[in-house]
Amino acid sequence: MNTTIADLKITDDLLTVGLKDGRIISVPLAWYPKLLSASSAARGNFRFIGGGVGIHWQELDEDISLNGILAGISSNKQVAWYFGVICVVRLDINILVRQQ
């Protein structure tokens with residue numbers, strides 16, 4: 001990765017990261033249910049990790065990576081590495097059972 005997070009802003013609707021290369025990326029706060037339901041004070045209690053490649057909220061037990069934000073991976077998805085390929089598996093898939 002050629003850039004890192006320089007700034008973070010969280011509103012009631014968006015999580016916005018400012019990157020050191022000048023880009024500004026916003027994603028829906030709804031992608032991160034722990035942040036969505038947290039108080040403003042808890043949302044503001046974060047630290048950058050890995051030299052700015054991630055964000056950590058100790059109180060909320062939440063970690064978000066810059067790679068995840070850029071790839072569009074929300075907290076309701078799980079990422080697995082399989083032979084160097086990212087496989088995204090949704091954790092909230094509804095399975096329909098046909099009643100007989």
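A residue counts as buried when its relative accessible area is under 20%, as exposed when it is over 50%, and as partly exposed in between. Keep those cut-offs handy, because Lys34, at 37% relative accessibility, lands in the partly exposed group. The model you're looking at is predicted, so treat this as a tour of a computed structure.

Let's start with the whole chain. Of its 100 residues, 29% count as buried. The chain has 3 helices and 8 strands. If you walk along from the N terminus, the elements come in the order β-β-β-α-α-β-β-β-α-β-β. On the outside, the chain exposes about 6,900 Å², and carbon and sulfur atoms supply 53% of that area. There's also some long-range contact to notice: among contacts with a separation of 6 or more, 34% are between residues 24 or more positions apart.

Now for the charged side chains. Side chains of opposite charge can pair when their charged atoms come close. This structure holds 3 salt bridges. Let's go back to Lys34, since you've already met it. Lys34 forms a salt bridge with Asp61, and their closest N and O atoms are 4.0 Å apart. Lys34 lies in helix 1 (residues 33-37), while Asp61 sits in the loop between strand 5 (54-57) and strand 6 (62-65), so the pair ties together parts that are 27 residues apart in sequence. Asp61 counts as exposed because its relative accessibility is 55%.

Another salt bridge joins Asp12 and Arg43, with 3.3 Å between the closest N and O atoms. This pair also links distant parts of the chain: Asp12 is in the loop between strand 1 (5-10) and strand 2 (14-19), Arg43 is in helix 2 (residues 40-44), and the two are 31 residues apart. Is each partner buried or exposed? Asp12 has 57% relative accessibility, so it counts as exposed. Arg43 has 7%, so Arg43 counts as buried.

The side chains of Arg23 and Asp21 meet in a salt bridge too, at 2.9 Å from N to O. Arg23 is partly exposed, with a relative accessible area of 39%, and Asp21 is partly exposed at 41%.

Next come the aromatic rings. A pair of aromatic rings is described by the distance of the centres and the angle of the planes. The structure holds 3 aromatic pairs. In one of them, Phe46 and Trp57 are 6.1 Å apart centre to centre, with 50° between the planes, which makes the pair tilted. Phe46 is in the loop between helix 2 and strand 4 (47-49), and Trp57 is in strand 5, so this pair links distant parts of the chain, 11 residues apart. Trp57 counts as buried because its relative accessibility is 0%, whereas Phe46 is partly exposed at 29%. Add Phe48, and ring pairs link Phe46, Phe48 and Trp57 into a cluster.

Strand 5, home of Trp57, also takes us to a sheet. Strands of a sheet pair through backbone hydrogen bonds, either parallel or antiparallel. Here 3 strands form an open sheet in the order 4-5-6, with antiparallel pairing. Strand 4 and strand 6 are the edge strands, each pairing on one side only. From one strand to the next, the twist averages 30°. Strand 5 and strand 6 pair over 4 bridges in the antiparallel sense. To find one of the partners, look at Ile55: its bridge partner in strand 6 is Ile64.

Definitions and conventions
Residues numbered from 1 in each chain as written. Predicted model: local features only at pLDDT ≥ 70, side-chain atom pairs only at ≥ 80, totals over all residues. Heavy atoms only, no water. Buried < 20%, exposed > 50% of the residue type's maximum accessible area, 1.4 Å probe, protein only. Phe/Tyr/Trp six-rings, centres within 6.5 Å; stacked < 30°, edge-to-face > 60°. Pairing = 2+ DSSP bridges. Axes fitted to C-alpha atoms, helices over the stretch in contact; angles between N-to-C directions. Contact = heavy atoms within 4.5 Å. Areas by Shrake-Rupley, 256 points an atom, 1.4 Å probe, with all protein chains shown as cover.
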